[in-house]
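Hi,

Here is the structure I promised to pass on. Have a look at it first, and then read on for what turned up in it.

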Amino acid sequence: MIEPLIAGKNKKHIINEISIKFACQKNVEHKCSHDLVAFVGCSVGAMRRSLTRLRQSPGLLQMTEVEVRPAHVPILLHKLQNSAEVSHQRGLGGPLGAFYTELGQSNGRVYLLDNFASFHARDLNQKALSLADDACAAALEVQQLYESMRTSIFLEATDALGEAGLSGDLLSFSAEGGDEPPVYELRTYQLKLGYTTVPTFVEKYTNGLKEKLAADQTGQSHLVSLMYSEAGAAPLNTVHELWRHTSIQGSQDSRQASRRASGWKQAIAEIAELAITFHSQYLRPVPGVGQLQ
């Protein structure tokens with residue numbers, strides 16, 4: 001018996017095609033289902049990764065290095081406290097912190113750390129300060145003690161710090177109490193020139209930092225910020241680490257514990273290849289000036 005032809009195809013061929021198409025459709029549906037699960041999984045993973053990087057940028061960080069005669073440091077600190085109080089009362093804000101040198105290149109050096117949302121915001125702040133007679137007069141009393149002053153603008157490597165698990169923002173930093181006065185450590189790298197040098201440094205530093213933080217369970221140290229130069233007196237490719245330690249001895253205990261992290265040691269070895277110079281200073285916070293206490 002001859003099978004009837006439908007569009008040049010017999011029933012057997014049509015049944016086979018229908019079976020193949022049905023199977024293909026099931027495969028496509030199955031694949032789409034897997035793709036959807038994969039997409040949702042990737043989205044959830046990306047969301048989780050983004051949550052680990054949840055840290056807000058402080059904007060522009062202005063670091064001012066001031067030199068005074070060592071004998072005038074106590075007078076300067078008192079006037080800084082007064083200036084910060086007057087500025088706060090007038091709603092002009094104030095520095096994130098002020099620090100005098102405990103161990104460093106100069107015992108007559110004082111650091112001020114301010115932040116601004118932009119250069120325009122910085123200009124507006126300076127204008128507002130000039131129009132507030134009492135705040136302006138208090139600021140001038142501070143500056144009259146300066147022997148020299150260097151000002152630089154830095155940007156924080158905020159995303160990298162968030163990636164390493166440091167979600168606490170610099171602007172909302174809250175110091176924990178302790179039995180001894182805290183000390184801040186300013187670690188400074190001068191890196192080789194080049195557009196890729198700072199990004200490479202940040203990548204290597206972040207990868208090592210994760211292991212360092214996991215290895216150090218002493219509770220003695222906290223990384224406050226990692227910043228790199230953008231404009232001003234600091235040479236290009238200058239990088240600062242700013243750490244807060246419960247004490248100078250605590251910083252050494254923390255450093256000893258970190259040596260168990262092989263990834264951190266490897267990162268430091270690779271960073272050394274990028275650096276021209278490196279030095280570290282211990283600074284004390286000026287009581288009552290800013291939240292970095």
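Let's start with what lines the largest pocket: 15 of its lining residues are nonpolar, twelve are polar and two are charged. Keep in mind that this is a predicted model.

As for volume, the largest pocket comes to about 790 Å³. It is lined by 29 residues, and those closest to its centre are Q62, D114, N125, L129 and Q143. If you want to trace the walls, these are the elements that each give two or more residues to that lining:

- strand 1 (60-67), strand 3 (109-116) and strand 4 (148-156)
- helix 2 (73-89), helix 3 (119-131) and helix 4 (133-143)

Which of the elements gives the largest share of this lining? That would be helix 3, with six residues.

Now for the other one. The second largest pocket has a volume of about 430 Å³. Here 24 residues make up the lining, and E176, G219, H222, R244 and T246 are the closest to the centre. The elements that supply two or more residues to this lining are strand 6 (221-232) and strand 7 (238-245). Strand 6 gives the largest share, four residues.

And how does the lining of the second largest pocket divide by class? You'll find seven nonpolar, eleven polar and six charged residues there.

If you only have a minute, try picking out helix 3 at the largest pocket and strand 6 at the second largest.

Cheers

Technical notes: Residues numbered from 1 in each chain as written. Predicted model: local features only at pLDDT ≥ 70, side-chain atom pairs only at ≥ 80, totals over all residues. Heavy atoms only, no water. 1 Å grid on protein atoms, 1.4 Å probe; cavity = no way out; pocket = protein on both sides within 12 Å on 5 of 7 lines; lining within 4 Å. Points joined across faces, edges and corners; volume = space filled by probe spheres on them. Nonpolar A, V, L, I, M, F, W, Y, C, P; charged D, E, K, R; others polar.
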